[in-house]
Structures are given as C-alpha cells and as structure tokens.
Amino acid sequence: MTRTRPTFEALRLVGRSAPWHLAGSWAISAASGLAPVAAALLTKTLLDAVSAHAAWSVLLPPLLGLAGVAVVLGAAGPVGTYLEAELGRRAGRLAKQDLFAAVQGLQGIARFEDPRFQSRLRLAESAGGNSPGSIVRGSLGLARAALTTAGMVGALLVVSPLLTAAVVVAAVPALLAELRLNRRRMQAEWQTEPIERREFFYTSLLSDVQAAKEIRLFGLGTFFADRMLTERRRADAMRRAVDHRDLVLQGGLSVMTAAVAALGLVWAVARAAEGSVSVGEVSLVVAAIAGLQSALAGAVTALGVLHHATSVFRYHLEVLATDDGGRSAAAPAIETLEPLRSAIVLDDVWFRYTEDSPWVLRGVSLTIPAGSSVGLVGRNGAGKSTLVKLLCRFYEPTRGRILWDGVDLAQVRPDVLRERLGAVFQDFMSYELSATENIAVGDRDLLVRPHAGEEVRAAAERAGIAADLERLPRGYDTLLSRVFFDDSAGSEDDAAQPEVHGSYLSGGQWQKLATARALMRADRDLMILDEPSSGLDPAAERDLHQCLARARHGRTNLLVSHRLGALRDADLLVTLVDGRVGESGTHDALLALDGLYAELFRAQASGYQMAAEAS
Ligand SMILES: Nc1ncnc2c1ncn2[C@@H]1O[C@H](COP(=O)(O)OP(=O)(O)OP(=O)(O)O)[C@@H](O)[C@H]1O
C-alpha cells in the first residue's frame, strides 16, 4: 500500500464526517501560511518608508496591513485548534464505527485467534481513531509550511538568490533525516506491539477479578509483576534506541540551522553597512530566514505527524480489508434457509485449526435426523466442541461438507444459518449487564421490545433460575457485575446518591442463566447444548435435563456431555474417537456393543456405586 492511499482514505473519511470543519481548517491554514510572508513584506515597506521620512499617508497602509495580519494570526490559532479538535473527534468516531463494523462483518472466529490480526486490530483501535485527525493536521501543516516557504523564498530571492539557496539546501538534510527516523519509529512500534500485548495481558491479569483468587492462593503476584516489568523493559529499550538516534540527529541539525541563520544575518548587516541594502531589506532577510526555517521545521514536524498517522491508519485500512480467510467467498451466498425437514449430514468432514497443526476431525460422517436428539460422547480433546463450532460455521471444514437438507452450508450466509440455531456453549459468556439483558441477548429482538419481561421470566423459570433472580436486590433489573456500579439504581441528578454495587451469581447460577438465554431460541431448528449442566448440583441437573427434554421434544438437538446419564434418553448416541465416528446407536445398543461408550458409562456408574457402598 503506498502512502498516498491512507492519506486519501483518511481525508475522505474526514470529508464524510466533518466536511465544513475540514473546509474551515483549510481556509485558516492558507491564511496563517501566508500571514508571515505578508508581515515580512509589510515590515520591509514600513521600515523603508520610515527611513525615507515618508508622510503618514504612505505609512498608514502597511501599518493597517500589519494590524490585519496580527488579527488573522491571533484568531487563526484558537479557531484552527477548535476546528481540528472537533474534526478529529468526528473522524475518530466514524473510524471506530467503520472498524467495528468490519470486525463484526467477520463471520468466523479464526481471525480472532491470529496474533497478526490481533496486533493490527489493537494498533488500529488504539491509535487508528486519532490518525484521520492527525493526517489532516499533518497535511494542513505541510500546506501551511509550503505556502510560507514559497512566499519567503520569493521575498528572499529579491534580496539574494545565493542566500536563499543556502537556507533551502540547509533544510534538505533535516527533511530526509526526519523521514528516515519516522520509518524507524514505525518499525519499532510494530516490533514492540506484541511485547506490549503481553505486558497488557500480565497487567490485566494482576487487576482481573477472575484471576485474583488463584494469584493470591498460589502467590503469583510477584511472578506476573516481574514478567509485566520485563516486557515493559524490552519495549522501553527498543523505544530508547529510536529516541537516542533522534536526539543525536536533531541536535546536529539544530546546530546547522542556527549556523545558517547566523551567517545570513552577518551577511545582511555587512551589506547594510556598505550601503548596498536598505534597513527594510535587512529586516526582510531576518524575517525571511526565521520564517523559512520555522516553516521548514513546521514541514518536518508535519511530515513526522503525517508519516506516523498514515502508517497507523494503514492498520485501520488493513483491518477493514480483512476477510474470513478460508471461506469459499467466491460462491454466491444463499440468502435464505428453509426450516430443517430431513437431516443435517456431515459428509467426510476433515478439520484442523491451522495448516501446521494436527487434524482434529479426520473424516467425520454423521447424520442428525430432523426432530431427533443426538448425543455426542468422547474423551477430552476428541473434537466434540470443534464439531459444534463447525456446525455453527465459526470455522469452515478443511475438507468435506455439512449439508442442511442437502444444501451445502458453505453456500449459505452464516448469519442466515445462525438464525436457525440455538446454543449453550461450554465456555458461555457472563455479560456485565442486568439479569434481564443477560437472558434477552439470546433473542436480540427482545432487547428493543418494551415488554420483553414476560418472555425473559418464562425462560428463567424453565432454566430453574427464576427464584434466584427474583431474590436479587432489584430483581431482574439488577446489574450482574463485579466491576461496574449499578448506575440505574439512582437518578443521575442525585449527586448524593450512594454508589450501588452490582450483584453476582455463582458458577452454576450463571450456567442456568446461559441456558435461559439459549431457551429464548428454543423454537429454532437446531439446539446445541455443549455441557449445559457441568456446574449444576445433582437436583438442579436433573431438573434442567427434564426441562430441556420437554423443550427439545420433537425438535432437533445435539447434546454434548460427559455426564452420560443426561444423554441416555437421546435417540442416537455417537462416539468420537481419533477424529472419526466410532460407535453409534441407542444407549442400550452401545452398552451391548461394549466399546468406548460402555467403558465410559461404567466408569462413571462405578464411581457412584463405590460412593454409595462406602456410605
Ligand atoms: N481454537 C483452537 N485452536 C487450536 N486448537 C484447538 C482450538 N480449540 C481446540 N483445539 C484443539 O482441538 C482438539 C479438540 O478440542 P475440542 O475442544 O474440540 O475437544 P472436546 O472433545 O470438546 O474436549 P473436551 O471434552 O475436553 O471439552 C484439542 O486437541 C485442542 O487442543
């Protein structure tokens, strides 16, 4: 990607978000770029007129002109700052909106497990929002510097072409050095980003409410703090190296610039003493050298800002251009999916997470008949959750097909498929939201429906969590959070209102809440339950399974659980072994087969039997 593309895209983004602020900023930049040139020329005219004892009528126009320039320069600063700040805010908001629209557009989750994508996203997110504003600031600064430089060069050329050339040539190394430094700064930023991400991970761990227990119990605080500081030291060392180069280079360039200015002044004073230039021209030389050097310094700074901002904005554009990678995007996407009538068929499905990792599924062929209940059994790491993720199209099969009544799911838009699914995942989410919202997110239409309470309560009732939620301080409206205060508990105007802590649930209660969330979609074609009762007490587990059995009666569902008692009523039980389907049949048939299922079932049953005999 060339540097002009991010600049162009950033200006386009600013043009979309704040066109009038952009136009105003350009006008102010033009005025403040030309003002120093006008001031230098007017001062020369005034001084020459004063030296020639001219009348007031001659002195007045340059005097008024200088006053006008002072007003323009005085106003340009604050107005320009205001416009640029507002423009930066608006563009930043739009950039964030675009960025997260692109992130939401990713249908799979493989990208989120790609460290390079994470680095890009983090850079785009942390600095990318400010970069359109900085690009505008940089390009305005450059335009301002160009106008001043052109004006001052013109003015100085009249007095001495040689001096003009010397001042301009002296600025070239500064410009080149700054560009080189900027490149190094960006390289350092990219190299330090993974280090910073690790530092961020350790920092978050040290303040994470979830991690606080283990860190204290195992005494890991110093261990993680040391790691955090080691990462910080590594990143600091890289930045220090760049700053050091910066220091040496900038120091040398400043000495050179000062020497050129001093030589110019000596030359002008010597010529004035000889009488070959006027007092006004001496003032013009002084103003032009100072103006030129400050314009060129401004250009160097603007280039720095522009270079850095375009490099960061490039990450923003890269995230915007990111696709799901392995998806067969070339095929036309099917926009609708009929309700399931016949079966979901996995046809020789192979899958591995990355090209260099081992196969997790090695030719799974499985039929989930419509209206039936299929239980998936296997040892840890057998690939059960992976298969569930493929069914939801979080990943694409590496080989093979998944068919929905004969339609290849690879041809169907993932969001269309997901409208037909309900699921409780093994690693379900606990949202820092109210109890009602935690359930209603299962059916996003409910989040905006005014009287969604009844449906939420019905789902909570079925999942066996209703009584616990009613007992919360504000019932279903209670915020379930350990990190936010419950703002909704008081009015905003009431400053004296005490801060109300949110409430929190136990592990099993959260799991029931997640089940209630899934039950909001109980009418969907396929319900996937991946370990829905692992954290429940035995009575709650029995109740939940009875409730789920009622909810799924006559519906298609896939149940994954190590608690084999919960699966025994399934119409079909399937074992996964070495990434393939091992056995399949009913509970009784698989016990009679005396294979893996029978082994696992007996191992679990004997645990209970031994406990019963011991008591
Ligand atoms: N996101 C991932 N990236 C890379 N490998 C993964 C990922 N998720 C799972 N795996 C690997 O895939 C294999 C199957 O994992 P999976 O979670 O599907 O097993 P499972 O049968 O659900 O296990 P469990 O019974 O322990 O829940 C494991 O070897 C695991 O290391």
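Two strands count as paired here if DSSP finds at least two bridges between them. This is the sense in which the strand pairs below are described, and all views show a predicted model.

**View 1. The hairpin of β9 and β10 is an antiparallel pair.** Strand β9 covers residues 572-577 and strand β10 covers residues 580-585. Four bridges hold the two together in the antiparallel sense. Valine 577 is placed opposite arginine 580 in β10, and valine 574 has serine 584 as its bridge partner in that strand. Two residues separate the strands of the hairpin, where aspartate 578 adopts a positive phi near 50°.

**View 2. Strand β3 runs parallel to β9.** β3 is made up of residues 373-377, and four bridges join it to β9. Glycine 375 faces leucine 573 in β9, while leucine 376 faces valine 574 in that strand. Valine 574 also has a bridge partner in β10, namely serine 584.

**View 3. Six strands form an open sheet with mixed pairing.** The order across the sheet is β6-β7-β8-β3-β9-β10. At the edges are β6 (421-424) and β10, each of which pairs on one side only. On average, neighbouring strands of the sheet are turned by 20° against each other, direction ignored. The mixed pairing includes the parallel join of β3 to β9 and the antiparallel join of β9 to β10. In general, the strands of a sheet pair through backbone hydrogen bonds, either parallel or antiparallel.

**View 4. A four-stranded open sheet has antiparallel pairing.** Its strand order is β2-β1-β4-β5. β2 (361-369) and β5 (407-408) are the edge strands with a single partner each, so one side of each has no neighbour in the sheet. β1 (residues 343-351) is joined to β2 by seven bridges and runs antiparallel to it. In this pair, alanine 343 is set opposite proline 369 in β2.

**View 5. Helices α6 and α8 pack against each other.** α6 comprises residues 161-207 and α8 comprises residues 221-274. Their axes are 9 Å apart and the packing angle is about 170°. α6 is therefore roughly antiparallel to α8, as angles over 145 degrees are classed that way. By class, 24 nonpolar, six polar and 12 charged residues make up the contact of α6 with α8.

**View 6. Helices α4 and α9 cross in a left-handed sense.** The axis of α4 (residues 115-126) comes within 8 Å of the axis of α9 (residues 279-320), and the two cross at roughly 120°. The two helices are therefore oblique to each other.

**View 7. Transmembrane regions are listed by UniProt in an unreviewed entry.** The entry gives residues 20-42, 54-76, 152-176, 247-270 and 282-306 under this heading. In the model, residues 247-270 are 100% helix and 0% strand, with the end C-alpha atoms 35 Å apart. Residues 282-306 are likewise 100% helix and 0% strand, and their end C-alpha atoms also lie 35 Å apart.

**View 8. The ligand has 13 residues around it.** Tyr353, Asn380, Lys384, Ser385 and Thr386 are the ones that come nearest. Sorted by class, the shell contains three nonpolar, eight polar and two charged residues.

Conventions. Residues numbered from 1 in each chain as written. Predicted model: local features only at pLDDT ≥ 70, side-chain atom pairs only at ≥ 80, totals over all residues. Near = placed C-beta within 6 Å. Nonpolar A, V, L, I, M, F, W, Y, C, P; charged D, E, K, R; others polar. UniProt positions renumbered as here; feature names shortened; annotations may be inferred. Axes fitted to C-alpha atoms, helices over the stretch in contact; angles between N-to-C directions. Parallel < 35°, antiparallel > 145°, perpendicular 65-115°, else oblique. Left-handed = near helix turned anticlockwise from the far one by under 90°.
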